[in-house]
Amino acid sequence: MRNTSWCRVDERSVSRVTALRRSKAVVQMRWFGFGFNAFGQICVQQELVKGEGRSEAAEEVKVINPTEVSDHVDRIRASWSRRASLHVDGDGCVCLAGSGTLDSNDCRGISTVESRGCEDAFISESHLTLAFPDRIECWDLQKKEKTPSWSMEIKPQSEGSAVAFPLVPGGYITSKPPFYCPLSPHLKAKSLALGGEHVILLTAAGAVYTWGLGSHGQLGHGGLTSEEEPRAVEALWGMQMRSVASGGWHSVCISDGGDLYVWGWNESGQLGLPSRGLMKASQEKSSQLAGEFHQDVSTSPSKEPQEGEKHEEVFISIQAFPALLDVTPSCEIRTVSCGSRHTAAVTTTGDLYTWGWGEYGQLGHQTLTSSDEPQPVEFFRVEQMHVVDVVCGAWNTFAAVVKEEVASLKFPQNHSEKHAP
């Protein structure tokens, strides 16, 4: 079940991006990346290619400033060390960047011809999976083979009955053998996201089911036990959801009204809830900067409560039930994606918010600081860019943008999107 591509699925985001791509009146969508770049999966700088000094190369491992990825890319899928760029326009093709590739235009084991006609994909550290209208192909990225290591024929889907990849008719696709896993037709699955070792599914009726590893509360059932079969997240009953996403050990979903619900592991603030680990790290850093002796803040005399006193601060390490996350100022969430230990969400007004682990600059705040509160990525506001989609790799983030004047033409009534059919 393990998959390191940290997927999120949002059908409305896909259809919105497709509409942008097909509109002749729209300036081309642009993709920006930031975060972990040790394999050149975001960008390849001259310093890295020529090896001009150790310090320059080390700096480029962490891309803290949002950097434009490339032109003519319709969708991006990412894993820990790789990025797959989908060019769905025309005949369509997939190219890879990152580990094992020569440059951003190299397709390791997958030529442009062999991926032509591809409609979607996801990538892990071991396999690239391509979705065609009539088949699914899995290519082993550790080998340079001329044929896929596994393939499966599927029936072409009508527009009204189409499901979002990695869902396929009758089941879903994972990144490790046996690749295909069946699903009960009674679930009426609409979309599905693969986490580190758990799965989250959205039904056509807006209900959420989870299964797999539950050791960090990522299943949302109130405990830390695992589930072998899909089990409804009962805390969400009565609320219709329209999108789901999963990270390494946390899960997220968006309600039909644009509210964000989170659960699972919060060690790095990836749920946007108060994290004791981040508080301790912040206090220790402040002490060091002030020239004080390093000490464990949890045992600091100045922080210990006196008799009869109680701590006012509440920290959450594991959130085993879904919790409503407030993004301030109040806004509606359009789409969301999860990395290993960070989360990124796009609002209906085109703003990008990120939170969680930020040691590689994956939050886009032009620092290496982690955060347990959703913070806007100011770069896109300053550049007057409207964010329309976001995709997280394990330790990095990719955002799709258009200029604000283009967005105003395409989204004149952003506030009503939640009521769209």
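**Exercise 1: a pocket**

Work out how big the second largest pocket is and what lines it.

*Solution.* Keep in mind that we're working on a predicted model. Start with size: the second largest pocket comes out at a volume of about 400 Å³. Next, the lining: 15 residues line this pocket, and L278, A281, S282, T369 and S370 are the ones closest to its centre. Now sort the lining by element. Two elements, α4 (276–289) and β25 (371–376), give two or more residues to it, and α4 gives the most, with 5 residues. Last, the chemistry: the lining splits into 5 nonpolar, 5 polar and 5 charged residues.

**Exercise 2: the nonpolar cores**

Find the residues that touch the most other members of the largest nonpolar core, then follow up on L183.

*Solution.* The largest nonpolar core has 21 residues, and the ones touching the most other members are I136, Y172, L183 and L192. Where do the members come from? At least two residues each are supplied by β11 (167–168), β12 (171–173), β14 (189–194), β15 (198–203) and β16 (208–212). Zoom in on L183 and skip anything up to four places away in sequence: L183 then touches L167, G170, G171, Y172, A189, L192, L201, W211 and P230. Don't stop there, though. Another core, of 16 residues, lies apart from the largest one, and its members include V252, I254, V327 and V336.

**Exercise 3: cysteines**

Count the disulfides, then check C118 and C138 for burial.

*Solution.* The count is quick: there are 0 disulfides in the structure. Take C118 as a test case. Its nearest cysteine sulfur belongs to C93 and sits 9.0 Å away, and C118 is in no disulfide. A disulfide needs the two sulfur atoms within 2.5 Å, so that pair doesn't qualify. On to burial, where the cut-off is under 20% relative accessible area. C118 has 4% relative accessibility, so it counts as buried. C138 has a relative accessible area of 0%, so it is buried as well.

**Exercise 4: placing a tryptophan**

Locate W31: which strand holds it, is it buried or exposed, and how far is its C-alpha from that of V390?

*Solution.* First the strand: W31 belongs to β2, which covers residues 30–36. Then the accessibility: W31 has a relative accessible area of 1%, so it's buried. Finally the distance: W31 and V390 are 359 residues apart along the chain, yet their C-alpha atoms are separated by 9.1 Å.

How values were computed. Residues are numbered from 1 along each chain as its sequence is written. This is a predicted model: local features need pLDDT of at least 70, side-chain atom pairs count only at pLDDT 80 or more; totals for chains, interfaces and linings use all residues. Side-chain values use heavy atoms; hydrogens and water are left out. A nonpolar core is a set of buried Ala, Val, Leu, Ile, Met, Phe, Trp, Tyr and Cys residues joined through side-chain atoms within 4.5 Å. Buried means under 20% relative accessible area, exposed over 50%, partly exposed in between (1.4 Å probe, protein chains only). Helices (H or I, at least four residues) and strands (E, at least two) are DSSP runs, numbered from the N terminus. Contact means heavy atoms within 4.5 Å. On a 1 Å grid over the protein atoms alone, a cavity is a set of points where a 1.4 Å probe fits but cannot get out, and a pocket is an open set with protein on both sides within 12 Å along at least five of seven lines; lining residues have an atom within 4 Å of a point. Grid points are joined across faces, edges and corners, and a volume is the space filled by probe spheres set on the points. Ala, Val, Leu, Ile, Met, Phe, Trp, Tyr, Cys and Pro count as nonpolar, Asp, Glu, Lys and Arg as charged, and the others, Gly among them, as polar.
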